[in-house]
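Please look over the sequence and the model below before reading on. The report is meant to be read alongside them, with the residues at hand.

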Amino acid sequence: MFLELRAKKCFVFNNQIVFSLDPTNKTTAIYGPNNAGKTCLIKYIQAMKGILLNQRIELKSNLFSNDSVCELGITFEYEKKEY
């Protein structure tokens with residue numbers, strides 16, 4: 001089970017963003033004003049899925065930086081252990 005997804009210097013995210021999935025809730029919502037990064041968050045989630053499935057991904061570094069490095073992170077639970 002995914003607990004948390006993290007991205008930094010990826011798509012429009014320059015600072016680290018954290019998308020937490022509370023295991024006690026059955027519903028997760030993404031909301032916010034226009035042009036706040038919701039679509040980029042979805043693209044990041046799709047890229048993480050592709051990485052885990054060993055598929056070709058389209059991951060872009062931060063659009064507003066000259067740094068070409070994307071920092072990605074994931075926290076998950078497997079057999080009651082957190083990784």
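What follows is a report on the fold, the sheet, the core and a few individual residues of this predicted model.

## Overall fold

The protein contains one helix and four strands, and from the N terminus on these elements follow one another in the order β-β-α-β-β. Taken along the principal axes, the C-alpha atoms fill a box of roughly 40 × 30 × 20 Å.

Of the 83 residues in the protein, 22% are buried. Among the contacts between residues at least 6 apart in sequence, 59% join residues that are at least 24 apart.

## The sheet and the helix that packs on it

The four strands form an open sheet in the order E2-E1-E3-E4, and the pairing is antiparallel. The edges of this sheet are strand E2, residues 17-20, and strand E4, residues 81-82, each of which pairs on one side only. Helix H1 packs on the sheet, where it touches E1, E2 and E3, and the direction of H1 makes about 65° with that of E3.

The pairings can be followed strand by strand. E1 and E2 run antiparallel and are joined by four bridges, with Arg6 having Val18 in E2 as its bridge partner. E1 also pairs with E3 in the antiparallel sense, here over six bridges, and the partner of Glu4 in E3 is Thr75. Strand E3, which covers residues 71-78, pairs in turn with E4, again in the antiparallel sense, over two bridges; in this pairing Glu77 has Glu82 of E4 as its bridge partner.

## The nonpolar core

The largest nonpolar core is made of ten residues, namely Leu5, Ala7, Cys10, Phe11, Phe13, Phe19, Cys40, Leu41, Tyr44 and Met48. Two elements give two or more residues to this core, strand E1 (2-8) and helix H1 (38-52), and H1 gives the most, with four residues.

Leu41, one of the core residues, shows how parts of the chain that are separated in sequence come into contact. Leaving aside residues up to four places away in sequence, Leu41 touches Phe13, Ile17, Phe19 and Ile30.

## Cysteines without a disulfide

Why do Cys10 and Cys70 not form a bond with each other? The sulfur of Cys10 has its closest cysteine sulfur in Cys70, but the distance is 4.1 Å, which is too far for a bond, because a disulfide requires the two sulfur atoms to lie within 2.5 Å. Seen from the other side, the closest cysteine sulfur to that of Cys70 is in Cys10, at 4.1 Å. The count of disulfides in the model is accordingly zero.

The surroundings of these two residues can also be described in terms of accessibility. Cys10 is buried, with a relative accessible area of 0%, whereas Cys70 is partly exposed, with a relative accessible area of 24%.

## An aromatic pair

The model has one aromatic pair. It is formed by Phe76 and Tyr83, whose rings are stacked, with 5.4 Å centre to centre and 25° between the planes. The pair counts as stacked because its planes are under 30 degrees apart.

How accessible are the two partners, Phe76 and Tyr83? Phe76 counts as partly exposed, at 32% relative accessibility, and Tyr83 likewise counts as partly exposed, at 48% relative accessibility.

## Two residues with a positive phi

Most residues other than glycine have a negative phi, and two loop positions in this model deserve a look against that background. Phe11 has a positive phi of about 55° although it is not a glycine, and Phe11 is placed in the loop between E1 and E2. At 6% relative accessibility Phe11 counts as buried, and Phe11 also appears in the list of residues of the largest nonpolar core.

Asn35, which is not a glycine either, has a positive phi of about 65°. Asn35 lies in the loop between E2 and H1. Is Asn35 buried or exposed? With a relative accessible area of 82%, Asn35 is exposed, in contrast to Phe11, which is buried.

Conventions: Residues are numbered from 1 along each chain as its sequence is written. This is a predicted model: local features need pLDDT of at least 70, side-chain atom pairs count only at pLDDT 80 or more; totals for chains, interfaces and linings use all residues. Side-chain values use heavy atoms; hydrogens and water are left out. A nonpolar core is a set of buried Ala, Val, Leu, Ile, Met, Phe, Trp, Tyr and Cys residues joined through side-chain atoms within 4.5 Å. Buried means under 20% relative accessible area, exposed over 50%, partly exposed in between (1.4 Å probe, protein chains only). Contact means heavy atoms within 4.5 Å. Two strands pair if DSSP finds at least two bridges between them. Axes are lines fitted to C-alpha atoms, for helices over the stretch in contact, and angles run from 0 to 180 degrees between N-to-C directions. Rings of Phe, Tyr and Trp (its six-membered ring) pair if their centres lie within 6.5 Å; planes under 30 degrees apart count as stacked, over 60 as edge-to-face and the rest as tilted.
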